[in-house]
Amino acid sequence: MTHDVSPHGPDGSADSAGSADGWVALVGGGPGSSGLITARGLELLGRADVVVVDALAPRDLLEDLDPGTEVIDASKRRGRHVMSQEEIDALLVDLARRGKGVVRLKGGDPYVLGRGGEEAAACRAADVAVEVVPGITSAIAVPAAAGIPVTHRGLSRGFSVITAHADLGVLPQRRDHTLILLMGVSRLRDSVASLLEAGSDPATPAAIIERGYHPDQRVTTTELRCLADVAARYGVTAPAVIVIGDVVTLSPYWADRVVEEARPANPAA
């Protein structure tokens, strides 16, 4: 069964007072494969009247919905948002107040850089019943798909998950502290420069995993100092997870790493 994804919410003709039986579930769909959603997430999808879906959610799951389930696209991609976050918050509340069971289907985990906390807060402020269903975050699962554990005895005792929009200089600048960078492709050159300026070892192993858990997944490995150049050369695109640290050497893809020659700081005229 194929579902059309509507770009807007319901038309408002229903009773806005709604029923006390309406609810919202923020469901983490996992890192990309439809087989990695939780059993609770699948159960709620089967009960939903409306599914409000994100860009990175596993959309194969929509094919198995009841034919009467409405699907609303709430994708937010770089430079193109179908809805603002405020509009999404208001939509979830409005649907629940109309007595609808609503699943907000997200990629990864709703509470890991997914703005799920804001949506839950909006529901609670409106006295709407809300449940949060954890998902497998891409920050950990996608590196695993490339054979990279984010911690490993003797190589890494901890890790940080951060977006490229944050201040990378405040993080531990050690090869034994794994850095996982989400939403980082467009700002990769700036991120590398920030890390090097903060004292990171230029030879720190690095990997970019594009489209994790999808059939066209691609893994590129290199060193921090030439990470941005290698990404540009190979045409790396989002969605991608970037991993920086010694744990990258455990990946079978490390044997095929691409390392560019270091350029002299002041080339001769």
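Colleague: How many cavities of 30 Å³ or more does a search of the whole structure find?

Modeller: Keep in mind that we're looking at a predicted model here. Rolling a probe the size of a water molecule over the atoms shows where empty space is left. Searching the whole structure with a cut-off of 30 Å³ or more, the count of cavities is 1.

Colleague: And how much space lies in the largest cavity?

Modeller: Let's start with what surrounds it: 13 residues line the largest cavity, and Pro172, Arg174, His177, Ser200 and Ile244 are the closest to its centre. That lining divides into 5 nonpolar, 5 polar and 3 charged residues. The space in the largest cavity comes to about 90 Å³.

Colleague: OK, over to Arg98. Is Arg98 buried or exposed?

Modeller: First, find Arg98 in the loop between α2 (85-97) and β6 (101-106). Its side chain makes a polar contact with the side chain of Asp94, at 2.8 Å. Buried means under 20% relative accessible area. Arg98 has 16%, so Arg98 counts as buried.

Colleague: How many contacts beyond four places in sequence does the model have for residues 264-269?

Modeller: Overall, the protein chain averages a pLDDT of 89, and 88% of the residues score at least 70. Over residues 6-19, though, the pLDDT is below 50, and that stretch has 30 contacts in the model beyond near neighbours in sequence. Where pLDDT is low, the predicted coordinates should not be read in detail. Residues 264-269 also stay under 50, and their number of contacts beyond four places in sequence is 0.

How values were computed: Residues are numbered from 1 along each chain as its sequence is written. This is a predicted model: local features need pLDDT of at least 70, side-chain atom pairs count only at pLDDT 80 or more; totals for chains, interfaces and linings use all residues. Side-chain values use heavy atoms; hydrogens and water are left out. pLDDT is the predictor's confidence in each residue, from 0 to 100. Contact means heavy atoms within 4.5 Å. On a 1 Å grid over the protein atoms alone, a cavity is a set of points where a 1.4 Å probe fits but cannot get out, and a pocket is an open set with protein on both sides within 12 Å along at least five of seven lines; lining residues have an atom within 4 Å of a point. Grid points are joined across faces, edges and corners, and a volume is the space filled by probe spheres set on the points. Ala, Val, Leu, Ile, Met, Phe, Trp, Tyr, Cys and Pro count as nonpolar, Asp, Glu, Lys and Arg as charged, and the others, Gly among them, as polar. Helices (H or I, at least four residues) and strands (E, at least two) are DSSP runs, numbered from the N terminus. Buried means under 20% relative accessible area, exposed over 50%, partly exposed in between (1.4 Å probe, protein chains only). A polar contact is a pair of N or O atoms within 3.5 Å; within protein, one must be able to donate a hydrogen and the other to accept it, and residues adjacent in sequence count only if both atoms are side-chain atoms.
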